[in-house]
Amino acid sequence: NAAEPIRTTQWYKAQRSIRRYWQLYLIMLPALLYFFVFKYIPMVNAVIAFKDFNVVQGIWGSPWVGFKYFSLFFNNPVFWTLLQNTLSLSFYALCVGFPFSILLALCLNEIRDGFFKRFTQLVTYAPYFISTVIMVSMLMLVFAPRLGIANLGLNAIGQQSINFLGIPNIFPSIYVWSGVWQYSGYSAVIFLAALSGVDPQL
């Protein structure tokens with residue numbers, strides 16, 4: 001079998017590489033363990049979608065129900081509304097967030113002052129570390145109907161309060177632009193790293 005010598009040769013090369021660069025493989029080990037423990041092992045529990053989950057019995061002890069919950073979801077009267085809202089929100093976020101991150105990276109790349117550039121990067125990158133729970137709490141404090149900062153500002157100039165979070169047409173913009181504020185700095189850093197290898201004359 002011609003494939004057997006090839007596999008043997010490849011295995012020999014892999015063993016030789018591990019013996020020669022074992023320090024590098026050792027450095028990689030914690031990252032590989034992280035992904036294995038926190039990313040791949042939890043995927044096994046995705047079978048919960050096909051089970052009638054019971055907290056006492058656990059995921060693997062709960063009885064199988066097949067595609068019962070998928071059928072309930074697809075036959076739900078609001079299924080198409082949910083699908084439409086999900087797709088429209090995703091498209092809106094993509095159209096706004098992707099160009100905004102590139103523009104931010106281009107602007108940061110043009111800044112020549114070292115301190116101002118680092119400060120701007122810090123300010124735009126810091127929101128990435130805010131958890132979703134804190135982000136939602138901040139939005140509720142800003143757009144609360146009576147005591148929100150936005151409505152207090154409107155009242156200060158003689159305008160009526162607006163229930164921003166209760167108006168369906170306003171919610172998509174709040175959702176998308178808060179995401180842009182939170183994640184654009186992180187995306188811009190990635191684009192900025194790519195721009196650093198481009199000839200400035202271009």
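This is a short selection-by-selection tour of aromatic pairs, a surface patch and one buried serine. The model you have open is predicted.

**Stop 1: the aromatic pairs**

Start with the rings. Across the whole structure, a search turns up 20 aromatic pairs. Select Phe50 and Phe67 to see one of them: the two rings meet edge-to-face, with 5.6 Å from centre to centre and 90° between their planes. Now show the backbone around them, and you will find that this pair links distant parts of the chain. Phe50 lies in the loop between helix H2 (22-44) and helix H3 (58-61), while Phe67 lies in the loop between H3 and helix H4 (68-74). The two residues are 17 residues apart.

How exposed is each partner? Phe50 is partly exposed, at a relative accessible area of 27%. Phe67 counts as exposed because its relative accessibility of 59% is over the 50% cut-off.

**Stop 2: a stacked pair and its cluster**

Next, select Tyr125 and Tyr186. Their ring centres are 6.2 Å apart and their planes are at 25°, so this pair is stacked. Here too, distant parts of the chain are linked: Tyr125 belongs to helix H6 (residues 114-125) and Tyr186 to helix H9 (residues 171-195), 61 residues apart. Colour by accessibility and both come out as partly exposed, Tyr125 at 26% and Tyr186 at 32%.

Keep those two selected and add Tyr128, Phe129 and Tyr183. Ring pairs join Tyr125, Tyr128, Phe129, Tyr183 and Tyr186 into a cluster.

**Stop 3: a nonpolar patch**

Turn on the surface and move to helix H2, where Tyr34 sits. Which residues form a nonpolar patch with Tyr34 on the surface? Select Phe35, Phe36, Val37, Phe38, Tyr40, Ile41 and Met43 along with Tyr34, and you have the patch. Together these residues have about 860 Å² of accessible area. Tyr34 itself is partly exposed, with a relative accessible area of 41%.

**Stop 4: a serine in helix H9**

For the last stop, go back to helix H9 and pick Ser178. Is Ser178 buried or exposed? At 13% relative accessibility, Ser178 falls under the 20% cut-off and therefore counts as buried. To see what surrounds Ser178, show its contacts, leaving out residues up to four places away in sequence: Ser178 touches Met135, Leu139 and Ser173.

Note on methods:
Residues are numbered from 1 along each chain as its sequence is written. This is a predicted model: local features need pLDDT of at least 70, side-chain atom pairs count only at pLDDT 80 or more; totals for chains, interfaces and linings use all residues. Side-chain values use heavy atoms; hydrogens and water are left out. Rings of Phe, Tyr and Trp (its six-membered ring) pair if their centres lie within 6.5 Å; planes under 30 degrees apart count as stacked, over 60 as edge-to-face and the rest as tilted. Helices (H or I, at least four residues) and strands (E, at least two) are DSSP runs, numbered from the N terminus. Buried means under 20% relative accessible area, exposed over 50%, partly exposed in between (1.4 Å probe, protein chains only). Patches are made of residues with over 30% relative accessible area and no salt bridge: like charges are joined within 9 Å, nonpolar side chains (Val, Leu, Ile, Met, Phe, Trp, Tyr) within 5 Å. Accessible areas come from the Shrake-Rupley method with a 1.4 Å probe; for residues, only the protein chains shown count as cover. A salt bridge is a side-chain nitrogen of Lys or Arg within 4 Å of a carboxyl oxygen of Asp or Glu. Contact means heavy atoms within 4.5 Å.
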